[in-house]
Amino acid sequence: SSTSVMTFSFSLLRLTRERLLSTSHSSVDPKEMRKFQLLAQKWWDEDGEYSALHSMNDIRVPFIRDTLLSMSSNYSLGSPLSGVRILDIGCGGGLLSEPLGRLGASVTGIDPLEDNIRTAEQHKSFDPVLAKRIQYKASSLEEIVEESMETFDVIVASEVVEHVADLEMFIKCCSQVLKPEGSLFITTINKTQLSYILGIVVAEKIIGIVPEGTHEWEKFVPPEELEHLLESNGFSVKTVNGMLYNPLSGSWSWMESTSVNYAMHAVRSGAQGQSDPTDTPGEVSSEQPSATA
């Protein structure tokens, strides 16, 4: 029909514009966009391509919740994250935004793909409580920086940094939209031989729990490199924990080794903009995630 032809033309124009923008001023990688465009309808299929992300909620949600609660004595039992403003970057279909919203947080989910945002909006609309607590926006991180300076208490970038085009700019933008003393949570994949074998060969090519071509090993980020980037942009890294996915049980657990997947929690330093080496040295031990939570 003529309507779908028009829609297609507009999408094409938008994609071209995004491609032009992304070459110089964006951390969004157009190649990554095309990969995820094909899967936009499949976010909420728990047995589909995103099944590993669904089960990751069993450990990443308690990690975020328990870490934030260990830093604050001011919370209510029913909605422990009530009053906390969270930015979920690369929110996809809302897999992480929704459970954080259920914990009482006010969540803004952004994703550069409009199809992902449509899926997230539609799924949110089934729950009137979430409809009030979560807002979604088709946007890159850079596009919201100006309007959102020091706006958020918490930023979550889960399974995102291994897809961005310019990691340093991405971290810089995170620092700008986060309040001083705000928390940044990242989960991603290390750049090791083991992560190549498990994350690409096994996960994508052999058992197919991740669509083939989802990851590029060259873009995986070692924790040391991420820590260095964070610290040079005014963050203090508090926790780094290894994560292990068991494809047989379809479940995640915490482990000491960060050789494949890992989670990191960093705190933006105070208004002076530089990390304070005397920042709460005892905090790391109090923030070990509770895998049984």
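Residues are called buried when their relative accessible area is under 20%, exposed when it is over 50%, and partly exposed in between, as computed with a 1.4 Å probe on protein chains only. By this definition E181 is partly exposed, because its relative accessible area is 48%. The structure is a predicted model, in which local features need pLDDT of at least 70, side-chain atom pairs count only at pLDDT 80 or more, and totals for chains, interfaces and linings use all residues. Residues are numbered from 1 along each chain as its sequence is written, and side-chain values use heavy atoms, with hydrogens and water left out.

A good place to start is the chain as a whole. The protein chain has eleven helices and eight strands; these are DSSP runs, numbered from the N terminus, with helices being H or I runs of at least four residues and strands E runs of at least two. Of the 293 residues in the protein chain, 51% are buried. Contact here means heavy atoms within 4.5 Å. Among contacts between residues at least 6 apart in sequence, 72% join residues at least 24 apart.

Strand β5, which covers residues 178–189, offers two residues to look at. E181 belongs to β5 and has a positive phi, near 70°, although E181 is a residue other than glycine. T187 also lies in β5, and T187 counts as buried because its relative accessible area is 7%. The side chain of T187 makes a polar contact of 2.7 Å with the side chain of S158 and another, of 2.6 Å, with the side chain of E159. A polar contact is a pair of N or O atoms within 3.5 Å; within protein, one must be able to donate a hydrogen and the other to accept it, and residues adjacent in sequence count only if both atoms are side-chain atoms. Leaving out residues up to four places away in sequence, T187 touches M56, A157, S158, E159, V160, E162, M243, Y262 and A263.

E159, one of these partners, sits in the loop between β4 (152–158) and α8. E159 is buried, because its relative accessible area is 15%, and its phi is positive, about 60°, although E159 is not a glycine.

The loop leads on to helix α8. At the N-terminal end of α8, D166 acts as a cap, with a side-chain oxygen 3.3 Å from the backbone nitrogen of E168. Within α8, the residues L167, F170, I171, C173, C174, S175 and V177 are buried.

Two packed helices are described by the angle between their axes and the distance between the axes. Helix α8 (residues 167–177) packs with helix α10 (residues 223–231) at an angle of about 45°, and their axes are 10 Å apart. Axes are lines fitted to C-alpha atoms, for helices over the stretch in contact, and angles run from 0 to 180 degrees between N-to-C directions. The angle therefore makes α8 oblique to α10, given that angles under 35 degrees count as roughly parallel, over 145 as roughly antiparallel, 65 to 115 as roughly perpendicular and the rest as oblique. L167, E168 and I171 of α8 meet L226, L229 and L230 of α10 in this contact.
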